[in-house]
Amino acid sequence: MTSLFYPLWPELVLITVACILFLLGAISSATARRWCPVLALAALITVFAGILFLGGNSRGTAYAQDTVFSGDLALYIKVLASGVAMLFVLLSWPTNDARTGNSALDVGHEVGEFFALLLLAIAGIFLVASANDIILLFLGIELASIPTYIMVSISRPLPVAQEAGVKYFFLGAMAAAVMLFGFSYLYGTTGSTSLVEIREHYRHSLAAGISAWELMAVILLLMGFAFKLAAVPLHAYAGDVYQGAATPVTALLAFVPKTAGIVAVIKILQVVSGGDWAPPDVIVKLLWVMAVLTMTFGNVLGLIQQNIKRIFAYSSVAHSGYMLVALTALLAAHGMPNAAEIQREAIAAVLFYLCAYGIMNTGAFGVLMLLPGRTDTHGRHDADGNTLPTAGSAETLEDVAGQGRRHIGLGLAMAVCCFSLTGIPLTIGFMGKVLLVQPAFPIMNDPSHPYSHMMWWLVVLTMINAAVSAGYYLKIVAYMFLRPDASESSIAGAPQIARPLFYSRPVSLTVLLSVVGTICFGVIIPATNALSERVKVAAKSIVDDDAMPANHRADNKSAKPAAVAEAAAR
């Protein structure tokens with residue numbers, strides 16, 4: 001029992017509290033709804049603090065026949081996910097009189113269910129981080145995804161939210177089928193569900209020549225994970241779903257599935273490369289193509305949007321492309337004299353950027369929640385046919401026009417977040433982008449390396465895409481500070497629209513924490529170094545083969561499992 005529950009105590013805490021919240025959801029009183037976010041936040045704080053102070057006791061230990069592995073990568077992801085999830089709880093904190101929602105969110109009496117689903121999604125990320133078996137890995141990915149389908153639909157009582165939820169669900173079901181198809185090929189060609197044994201099988205297959213079926217498994221899995229990352233070719237849902245969902249849910253969608261997908265990609269790439277990060281050439285080229293197309297499609301589509309949530313949707317696509325750049329360099333580094341160092345830098349860069357993206361993106365959504373929408377975007381009119389003002393928070397560029405001058409603090413907060421998302425110096429986003437392209441430089445500077453030319457083009461295209469992204473991020477800032485507000489119009493007969501500020505302590509705290517984190521980790525060297533050292537430890541654990549049980553590591557060839565030996569002999 002200890003071997004099963006000890007490594008999974010964070011997941012069990014979140015799932016237990018989620019069950020309590022489901023029960024509270026059956027009580028219709030406002031008092032019960034008031035306690036729901038408190039319990040959710042308390043659970044996340046408990047997990048966050050517990051992992052920080054107690055997690056090291058289980059570091060590097062495998063449990064339950066190697067099905068669960070508690071390594072530095074898992075500990076880092078759990079701390080990161082629980083920390084960012086606290087911000088999501090604050091964004092979703094019910095502040096209206098009935099305690100059913102806030103300026104952007106209205107779940108009715110399903111407050112308990114909403115926060116329970118949020119905790120289950122975070123527990124899914126935890127399972128993905130700890131999984132050492134493809135069955136547990138698949139369950140973790142789906143646990144991180146399925147609650148978000150429901151959260152989108154119940155996030156606000158509008159047809160656009162239900163439409164977004166249906167689209168998201170059916171496309172997610174298709175992506176899950178593709179991913180499960182890939183897992184079936186992975187099991188069918190190796191005869192095992194253990195990532196350790198599958199890795200050993202691929203080690204021998206790569207030496208003898210990988211089969212078409214083994215290659216098919218990898219390609220199908222990458223396509224399934226592309227949906228979680230909102231990466232090309234499964235990125236098309238992002239615009240409609242991000243726009244339809246309530247703003248706090250949109251912030252969650254930008255982080256939770258992406259984090260689960262990135263961790264799953266890292267685990268699968270390690271396995272199918274035999275632990276040496278040297279997969280078949282076609283996989284390196286496939287990641288290169290995915291990175292270029294994902295960056296380009298995301299940034300080009302972001303330029304033509306007028307809805308800010310759609311802008312952030314396509315920027316989310318672009319940011320997935322940036323992280324794929326580092327993963328491409330991770331695989332392309334094989335054969336370099338300092339390959340292990342480059343590979344550690346690549347994984348550390350991805351882990352750093354996940355943290356950076358979660359902080360700066362959440363802050364931008366928080367600012368939108370504190371600003372009211374200018375007009376009703378859902379077509380309601382008064383008796384004279386005039387468009388009615390909306391009670392919801394800002395979503396379009398016109399909604400935020402002039403608000404940077406009226407509310408200086410929020411304008412500066414949005415500017416900081418947008419500058420960071422663009423990659424302007426003195427922000428965490430700039431540090432993240434530098435780290436993402438840094439592993440490609442040694443490969444570029446080695447003309448004899450087979451991927452040198454590819455890395456040159458990849459870095460150049462990344463720089464171009466980062467510059468293109470400034471077009472829509474700076475447009476948001478320009479609208480907030482340079483465009484006139486409707487209430488400032490001097491045109492005779494122009495409507496004078498009152499623009500009150502939605503004041504919310506939880507959301508204001510979220511914005512403050514996000515801005516402080518964005519600046520501190522980008523400017524204050526001790527803070528940046530502390531985060532960098534933490535991600536380096538997590539990266540070292542998986543690159544140096546510490547992320548597998550000792551009796552299965554690469555330096556112990558005699559410990560190869562019998563099932564894998566038979567498969568290799570066949």
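A crossing of two helices is called left-handed if the near helix is turned anticlockwise from the far one by less than a right angle, and right-handed if clockwise. Keep that in mind for the first two exercises, and remember throughout that the model is predicted.

**Exercise 1. Two helices side by side**

Find how helix H12 and helix H20 are arranged, and which residues join them.

Solution.
- Step 1: Locate the helices. H12 covers residues 281-303, and H20 covers residues 452-481.
- Step 2: Look at the axes. They come within 9 Å and cross at roughly 20°.
- Step 3: Classify the angle. Angles under 35 degrees count as roughly parallel, so H12 is roughly parallel to H20.
- Step 4: Apply the opening definition. H12 passes H20 in a left-handed crossing.
- Step 5: List some residues that meet. On the H12 side they include Lys285, Trp288, Val292 and Asn299; on the H20 side, Met454, Trp457, Leu461 and Tyr472 are among them.
- Step 6: Sort the contact by class. The residues divide into 12 nonpolar, 7 polar and 2 charged.

**Exercise 2. A second pair to try**

Work out the arrangement of H11 and H13 in the same steps.

Solution.
- Step 1: Locate the helices. H11 runs over residues 247-272, and H13 over residues 308-332.
- Step 2: Look at the axes. Those of H11 and H13 come within 11 Å and cross at roughly 15°.
- Step 3: Classify the angle. This crossing makes H11 roughly parallel to H13.
- Step 4: Find the handedness. The crossing of H11 and H13 is right-handed.
- Step 5: Name some partners. Thr247, Ala254, Ile262 and Leu269 are among the H11 residues in the contact, and Lys309, Ser316, Met323 and Leu331 are among those of H13.
- Step 6: Sort by class. The contact of H11 with H13 has 8 nonpolar, 4 polar and 2 charged residues.

**Exercise 3. Around a cis peptide bond**

Which two residues does the cis peptide bond join, and what surrounds valine 232?

Solution.
- Step 1: Find the bond. Valine 232 and proline 233 are joined by a cis peptide bond, with omega about 15°.
- Step 2: Place both residues. Valine 232 sits in the loop between helix H9 (212-229) and helix H10 (238-244), and proline 233 belongs to the loop between H9 and H10 as well.
- Step 3: Judge the burial of valine 232. Buried means under 20% relative accessible area, so valine 232, at 9%, counts as buried.
- Step 4: Find the contacts. Setting aside residues up to four places away in sequence, valine 232 touches Ala226, Met290, Leu293, Thr294 and Phe297.
- Step 5: Compare sequence with space. Valine 232 and methionine 290 are 58 residues apart along the chain, yet their C-alpha atoms are separated by 6.1 Å.

**Exercise 4. Positive phi angles**

Are alanine 230 and leucine 426 buried or exposed?

Solution.
- Step 1: Check the angles. Alanine 230 has phi near 60°, a positive value in a residue other than glycine. For leucine 426, also not a glycine, phi is near 70°.
- Step 2: Place them. Alanine 230 lies in the loop between H9 and H10. Leucine 426 lies in the loop between helix H17 (408-422) and helix H18 (428-437).
- Step 3: Decide. Alanine 230 has 1% relative accessibility and therefore counts as buried. Leucine 426 has 59%, and exposed means over 50%, so leucine 426 counts as exposed.

**Exercise 5. Buried residues in helices**

Where do threonine 247, glutamine 343 and arginine 33 lie, and what do they touch?

In each solution, residues up to four places away in sequence are not counted as contacts.

Solution.
- Step 1: Threonine 247 is found in helix H11. At 1% relative accessibility, this threonine is buried. Threonine 247 touches Ala104, Lys309, Phe365, Met369 and Ser393.
- Step 2: Glutamine 343 is part of helix H14 (residues 339-370). Its relative accessibility is 5%, so glutamine 343 counts as buried. The contacts of glutamine 343 include Asp276, Trp277 and Val543.
- Step 3: Arginine 33 is in helix H3 (residues 30-54). With a relative accessible area of 6%, arginine 33 is buried. Among the contacts of arginine 33 are Ser28, Arg99, His109 and Val111.

Definitions and conventions: Residues are numbered from 1 along each chain as its sequence is written. This is a predicted model: local features need pLDDT of at least 70, side-chain atom pairs count only at pLDDT 80 or more; totals for chains, interfaces and linings use all residues. Side-chain values use heavy atoms; hydrogens and water are left out. Helices (H or I, at least four residues) and strands (E, at least two) are DSSP runs, numbered from the N terminus. Buried means under 20% relative accessible area, exposed over 50%, partly exposed in between (1.4 Å probe, protein chains only). Contact means heavy atoms within 4.5 Å. Axes are lines fitted to C-alpha atoms, for helices over the stretch in contact, and angles run from 0 to 180 degrees between N-to-C directions. Angles under 35 degrees count as roughly parallel, over 145 as roughly antiparallel, 65 to 115 as roughly perpendicular and the rest as oblique. Ala, Val, Leu, Ile, Met, Phe, Trp, Tyr, Cys and Pro count as nonpolar, Asp, Glu, Lys and Arg as charged, and the others, Gly among them, as polar.
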